[in-house]
Amino acid sequence: LGFLEVIHSLKSNTQDLQYTQFSNIIRSSAERFLLIMNDLIELSLLNAGDEPLLNIDEIRVDKLIEEVKQTIESQPKFVNKAVRIYYTDSDISTIIYTDGQKLKHMLYHLLENAAKFTLDNEIVFGFATIENFNSVTFSVKNAVDKDISHRVFSPFEKQELIGNELNPGLGIGLSVVKKLTEVLEGDINLNVTQNELEIIVTIPIQHSGYIN
């Protein structure tokens, strides 16, 4: 990836559009491969019972959500997917104390999964504070054509085709989400209707490992 960054920076000295296109494809593929490898390592360590390293810090939820949204929107294969953000709480600058990188990783997987399989090219992504202010919920909702809720969290379970194209994923993203939710002392639940799937992650506003 380091050498790819160097190569990518050189493109400003050329006007070759094909060169730019190919270097972008290589970088995107390398980043995707790195994400898959990190997920496999994370899942393996969590299943082995190893204590994960946590970096608990102060996180602004609205900024975190916007970062994840921009990451998804920047990927060419999701360019036609509309990500609508909603806040059911009036204060959109809610502060939580958790591992921001792990939470961002979870939300990215939830959005990526929804964007892959939504039937109407739209996903709804947002958060709310619970009434007693001890926790927050993150939710991702998309349209589906069948109930797959019984196997969405099973590792290496995946829908083989996305439309007419082969699904390149390994089927571990939502398994990682479930494990990381537990690491962050939260819960994960599904709301399923005939044509809609909503995944809801609830985590405490302050992780027990936070030191003020």
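**Figure 1. The order of helices and strands along the chain.** Read along the sequence, this predicted model follows the pattern α-α-β-α-β-β-α-β-β-β-β-α-β-β. That makes five helices and nine strands in the chain. Of the 212 residues, 42% count as buried. If we take the contacts in the chain with a separation of 6 or more, residues 24 or more positions apart account for 69% of them. The close-ups below visit some of these places one by one.

**Figure 2. The largest nonpolar core.** Let us start on the inside, with a core of 36 residues. Ile96, Leu103, Leu107, Leu110, Leu111, Phe138 and Ile203 are the residues with the most contacts inside this core. Helix H3 (61–73), helix H4 (100–117), strands E4 and E5, helix H5 (173–183) and strand E9 each supply at least two of its residues. H4 gives the largest share, with eight residues. As a general background, nonpolar side chains in soluble globular proteins tend to be buried together.

**Figure 3. Ile203 and the residues around it.** Ile203 is among the core residues with the most contacts inside the core, and this view shows what it touches. Leaving out residues up to four places away in sequence, Ile203 touches Ile96, Thr98, Leu103, Ser135, Val136, Phe138, Leu184 and Gly186. Two of these, Ser135 and Phe138, come back in the views that follow.

**Figure 4. Ser135, a buried serine in strand E5.** Ser135 is found in strand E5. Is this serine buried or exposed? Its relative accessibility is 13%, so Ser135 counts as buried, the cut-off being under 20%. Apart from residues up to four places away in sequence, Ser135 touches Thr129, Ile130, Thr202, Ile203, Pro204 and Ile205.

**Figure 5. Two aromatic pairs.** A search of the whole structure finds two aromatic pairs. In one of them, Tyr97 and Tyr210 are tilted, with 4.6 Å from centre to centre and 40 degrees between the planes. Tyr97 lies in strand E3 (residues 95–99) and Tyr210 in the segment after strand E9 (196–204), so this pair ties together parts that are 113 residues apart in sequence. Phe127 and Phe138 form a pair that is tilted as well, at 6.3 Å centre to centre and with 35 degrees between the planes. Here Phe127 sits in strand E4 (residues 122–129) and Phe138 in strand E5 (residues 135–143), 11 residues apart. Phe127 counts as buried, at 1% relative accessibility. Phe138 counts as buried too, with a relative accessibility of 1%.

**Figure 6. The largest cavity and its lining.** How many cavities of 30 Å³ or more does a search of the whole structure find? The search finds one. The largest cavity has a volume of about 40 Å³. Its lining is made by Leu110, Asn113, Ala114, Val140, Asn142, Leu197, Glu198 and Ile199. H4, E5 and E9 each supply at least two of these lining residues. Sorted by class, the lining has five nonpolar, two polar and one charged residues. Leu110 may look familiar, as it is also one of the core residues with the most contacts inside the core.

**Figure 7. Lys69, a buried lysine in helix H3.** The place of Lys69 is in helix H3. With a relative accessibility of 13%, Lys69 counts as buried. Which residues is it in contact with, leaving aside neighbours within four places in sequence? Lys69 is in contact with Val83, Ile85 and Leu111. Leu111 belongs to the core shown in Figure 2.

**Figure 8. Leu53, an exposed leucine in a loop.** Leu53 lies in the loop between helix H2 (17–47) and strand E1 (56–60). This leucine counts as exposed, with 75% relative accessibility. Not counting residues up to four places away in sequence, Leu53 touches Asp99 and Lys102. Along the chain, Leu53 and Val183 are 130 residues apart, while their C-alpha atoms are separated by 9.8 Å.

**Figure 9. Glu185 and its positive phi.** Glu185 is found in the loop between H5 and strand E8 (187–192). Although Glu185 is not a glycine, it has a positive phi of about 65 degrees. Glu185 is partly exposed, with a relative accessible area of 37%.

Conventions
Residues are numbered from 1 along each chain as its sequence is written. This is a predicted model: local features need pLDDT of at least 70, side-chain atom pairs count only at pLDDT 80 or more; totals for chains, interfaces and linings use all residues. Side-chain values use heavy atoms; hydrogens and water are left out. Rings of Phe, Tyr and Trp (its six-membered ring) pair if their centres lie within 6.5 Å; planes under 30 degrees apart count as stacked, over 60 as edge-to-face and the rest as tilted. Helices (H or I, at least four residues) and strands (E, at least two) are DSSP runs, numbered from the N terminus. Buried means under 20% relative accessible area, exposed over 50%, partly exposed in between (1.4 Å probe, protein chains only). A nonpolar core is a set of buried Ala, Val, Leu, Ile, Met, Phe, Trp, Tyr and Cys residues joined through side-chain atoms within 4.5 Å. Contact means heavy atoms within 4.5 Å. On a 1 Å grid over the protein atoms alone, a cavity is a set of points where a 1.4 Å probe fits but cannot get out, and a pocket is an open set with protein on both sides within 12 Å along at least five of seven lines; lining residues have an atom within 4 Å of a point. Grid points are joined across faces, edges and corners, and a volume is the space filled by probe spheres set on the points. Ala, Val, Leu, Ile, Met, Phe, Trp, Tyr, Cys and Pro count as nonpolar, Asp, Glu, Lys and Arg as charged, and the others, Gly among them, as polar.
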